[in-house]
Amino acid sequence: MLIKLPELPYAKAALEPYISAKTFEFHHGKHHAGYVEKLNGLVKGTPLAEETLENIIKKTSKNESQSAIFNNAAQVWNHSFYWQCMKPKGGGIPTGAILDKLKSDLGGYNKFVEEFKAAGISQFGSGWVWLVLKGKKLEIAKTSNADTPIAHGFKPLLTVDVWEHAYYLDYQNKRGDYLDAYMKNLINWDFINLQLI
Ligand code: MN
């Protein structure tokens with residue numbers, strides 16, 4: 001099957017002023033689209049072309065000779081997931097099951113905010129910060145470059161892209177300001193709660 005670029009779940013300008021339409025034009029329209037195109041080219045005519053995106057990621061994650069396929073597939077998956085983790089007028093203190101989980105596993109919402117930001121700032125170079133379920137327990141995790149928790153058997157609940165291309169047009173080098181805006185104004189906690197059901 002051909003892997004397709006998913007539509008954004010909102011208009012390109014819907015997350016302004018926190019993430020600009022210009023950022024989405026490049027990030028979704030060029031970067032994400034580029035990973036999709038590259039991936040389709042790399043698996044064309046191979047048995048992997050018949051697999052789902054998740055299976056391509058799992059089947060190539062341990063094999064160094066397939067790192068180009070893994071990197072592009074993981075980036076396709078990570079970006080599709082990241083778009084869904086945000087919504088207009090999102091962010092702030094969640095309600096529902098995730099709030100209870102933050103309290104029981106991470107010491108509460110404020111502690112989550114502090115540790116999620118610290119993880120984002122301390123990720124050296126490109127990567128992603130995640131809230132994942134390891135078994136039944138909530139954890140904050142970081143991955144480098146394209147790496148993704150689904151290659152390691154953890155269930156992702158939330159992610160933020162900390163590659164410079166995610167924030168440079170809007171925040172330049174201020175990754176911390178981008179992470180603050182993400183947590184205060186953008187996180188789609190409804191989406192995260194749905195995954196806990
Ligand atoms: Mn990105």
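A residue is called buried when its relative accessible area is under 20%, exposed when it is over 50%, and partly exposed in between. These terms are applied below to a predicted model. Asp190, with a relative accessible area of 46%, is therefore partly exposed. Asp190 belongs to helix 8, which covers residues 189-196. The side chain of Asp190 forms a polar contact of 3.1 Å with the side chain of Lys87. Asp190 is separated from Asn173 by 17 residues in sequence, and the C-alpha atoms of the two are 30 Å apart in space.

The secondary structure of the protein consists of 8 helices and 3 strands. Along the sequence these elements follow the pattern α-α-α-α-α-β-β-β-α-α-α. The C-alpha trace spans about 50 × 40 × 30 Å along its principal axes. The radius of gyration is 16 Å, which agrees with the value near 16 Å that a compact globule of 197 residues would have. Of the 197 residues, 50% count as buried. Among contacts with a separation of 6 or more, 69% are made by residues 24 or more positions apart. The accessible surface of the protein is about 9700 Å², and carbon and sulfur atoms account for 55% of this area.

The model contains a manganese ion, whose protein donors are His27 (NE2), His79 (NE2), Asp161 (OD) and His165 (NE2). These donors lie 1.9 to 2.1 Å from the ion. Along the chain they follow the spacing H-x51-H-x81-D-x3-H. Two of the donors can be described further. Asp161 has a relative accessible area of 0% and is therefore buried. His79, which lies in helix 3, also counts as buried, at 0% relative accessibility. The side chain of His79 makes a polar contact of 3.0 Å with the side chain of His27. A polar contact of 3.1 Å links the side chain of His79 to the side chain of Asp161. When residues up to four places away in sequence are not counted, His79 touches His27, His32, Tyr35, Trp128, Asp161 and His165.

Helix 3 also holds Asn72. The relative accessible area of Asn72 is 10%, so this residue is buried. Apart from its neighbours within four places in sequence, Asn72 is in contact with Tyr35, Lys38, Leu39 and Leu42. Tyr35 is thus among the residues touched by Asn72 and among those touched by His79.

Helix 7 comprises residues 175-186. The buried residues of this helix are Arg175, Gly176, Tyr178, Leu179, Ala181, Tyr182, Met183 and Leu186. They pack against three helices and a strand, namely helix 3 (67-84), helix 5 (109-122), helix 6 (168-171) and strand 3 (155-161).

Strand 1, residues 127-134, and strand 2, residues 137-144, run antiparallel and are joined by 8 bridges. Within this pairing, Trp130 stands opposite Ala141 of strand 2. The two strands form a hairpin with 2 residues between them, and Gly135 in this hairpin takes a positive phi near 65°.

Several backbone features remain to be described. Most residues other than glycine have a negative phi, and most peptide bonds are trans. The bond between Glu16 and Pro17 is a cis peptide bond, with omega of about 5°. Pro17 is found in the segment before helix 1, which covers residues 21-43. Asn145 is not a glycine but has a positive phi of about 50°. Asn145 is placed in the loop between strand 2 and strand 3, and its relative accessible area of 43% makes it partly exposed. Gln172, likewise not a glycine, has a positive phi of about 50°. Gln172 is located in the loop between helix 6 and helix 7. With a relative accessible area of 35%, Gln172 is partly exposed.

Notes
Residues numbered from 1 in each chain as written. Predicted model: local features only at pLDDT ≥ 70, side-chain atom pairs only at ≥ 80, totals over all residues. Heavy atoms only, no water. Donors = N, O, S within 2.8 Å, 3.2 Å for Na, K, Ca; no water. Buried < 20%, exposed > 50% of the residue type's maximum accessible area, 1.4 Å probe, protein only. Helix = DSSP H or I, 4+ residues; strand = E, 2+ residues; numbered from the N terminus. Contact = heavy atoms within 4.5 Å. Pairing = 2+ DSSP bridges. Rg over C-alpha atoms; globule rule 2.2 N^0.38 Å. Areas by Shrake-Rupley, 256 points an atom, 1.4 Å probe, with all protein chains shown as cover. Polar contact = N/O pair within 3.5 Å; in protein donor to acceptor, adjacent residues only side chain to side chain.
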